[in-house]
Every structure is written in structure tokens, then in C-alpha cells.
Amino acid sequence: SENARTVTASRLSTKMGRKSAMEIMRMGVYVFFPVAVFYVFNYPDFFDKFVEEKRRVFLPESNRPPLDIEENRRILLERLKQRKTEGEKNSSSK
């Protein structure tokens, strides 16, 4: 009976050891994978190489968004003046 308990306890501990090692490995993957993805995709060289290249393809320099406040204000005022003149032309032609 004592021998049977020892054998059962040793088998149980090896099974638990395998399960806990597997759980530790899974937990490591759960923690490491997002950190690794963040590191790779947030790396400045990756950003310059891939993202900026795609941005130039999809947003040519002529269609680029304004980068500073003054340029943004100037474009906004031009658009407002253009709409105002178009509105006056449309109302006078009716």
C-alpha cells in the first residue's frame, strides 16, 4: 500500500510537471508574442522602409495633408472663399 502511494504520487508529480511546464511555455508565448510584434512594427527602420514608402504611393506629395497649423489655416480659408464665391455665383444665376 505504501509502495502504491509512492508510485502514484511520483506519476502524479511527473504529469503535473509536464502540465505546468506546458502552461509556463504558453504563458511565455502569450507575453512574448505581443512584445515582439510591438518591437518589430514600432522600430523606426521598419517604419521608414515600409510605411513611408506606402504612404508616398497612396498619398502623393500633391495630395499630402497639411503638416503645420498655418498651412492648414491657409488651405481652409482658400476653401471657404471658394465655396463663398461658388455660392454667390449659384444664387445670382437663379
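How many residues apart are Arg74 and Glu78 in helix α3? They are four residues apart, which is about one turn of the helix. I will come back to that pair after an overview.

What you see above is a predicted model. The mean pLDDT of the chain is 77, and 72% of the residues reach 70 or more. Confidence varies between the elements: α1 has the lowest mean pLDDT, at 75, and α3 has the highest, at 85. As a general caution, predicted coordinates should not be read in detail where pLDDT is low.

Now the layout. The chain has three helices and zero strands. Going along the sequence, the pattern reads α-α-α. Helix α1 covers residues 2-41, α2 covers residues 44-58, and α3 covers residues 69-93.

Next, the surface. The chain exposes about 9,200 Å², and carbon and sulfur atoms supply 62% of that area. How much of the chain counts as buried? Of its 94 residues, 0% do.

Let me turn to helix α2. This helix has 15 residues, and from its first C-alpha to its last it reaches 20 Å. The expected figure at 1.5 Å a residue is 21 Å, so the span is close to expectation. Helix α2 also has a kink of about 25 degrees, and the kink is centred on Val51.

That leaves the charged side chains. In general, side chains of opposite charge can pair when their charged atoms come close. Searching the whole structure gives three salt bridges. I will take them in sequence order.

The salt bridge in α1 joins Glu23 and Arg26, with 3.1 Å from N to O. Both residues lie in that helix, three residues apart, or about one turn. How accessible are the two partners? Glu23 has 44% relative accessibility, so it counts as partly exposed. Arg26 is partly exposed as well, with a relative accessible area of 36%.

Moving to α3, Glu70 and Arg73 form a salt bridge, and their closest N and O atoms are 3.3 Å apart. These two are three residues apart in the helix, again about one turn. Is Glu70 buried or exposed? Glu70 counts as exposed because its relative accessibility is 53%, and the cut-off for exposed is over 50%. Arg73, at 49%, is partly exposed.

Finally, back to the pair I opened with. The side chains of Arg74 and Glu78 meet in a salt bridge, at 3.0 Å from N to O. Both lie in α3. Arg74 has a relative accessible area of 42% and is partly exposed. Glu78 is also partly exposed, at 43% relative accessibility.

To recap: the chain is three helices without strands, α2 carries a kink centred on Val51, and the whole structure has three salt bridges.

Note on methods: Residues numbered from 1 in each chain as written. Predicted model: local features only at pLDDT ≥ 70, side-chain atom pairs only at ≥ 80, totals over all residues. Heavy atoms only, no water. Bend = angle between axes of the 7 residues up to and from the residue. Salt bridge = Lys/Arg side-chain N within 4 Å of Asp/Glu carboxyl O. Buried < 20%, exposed > 50% of the residue type's maximum accessible area, 1.4 Å probe, protein only. Areas by Shrake-Rupley, 256 points an atom, 1.4 Å probe, with all protein chains shown as cover. pLDDT = per-residue confidence, 0-100.
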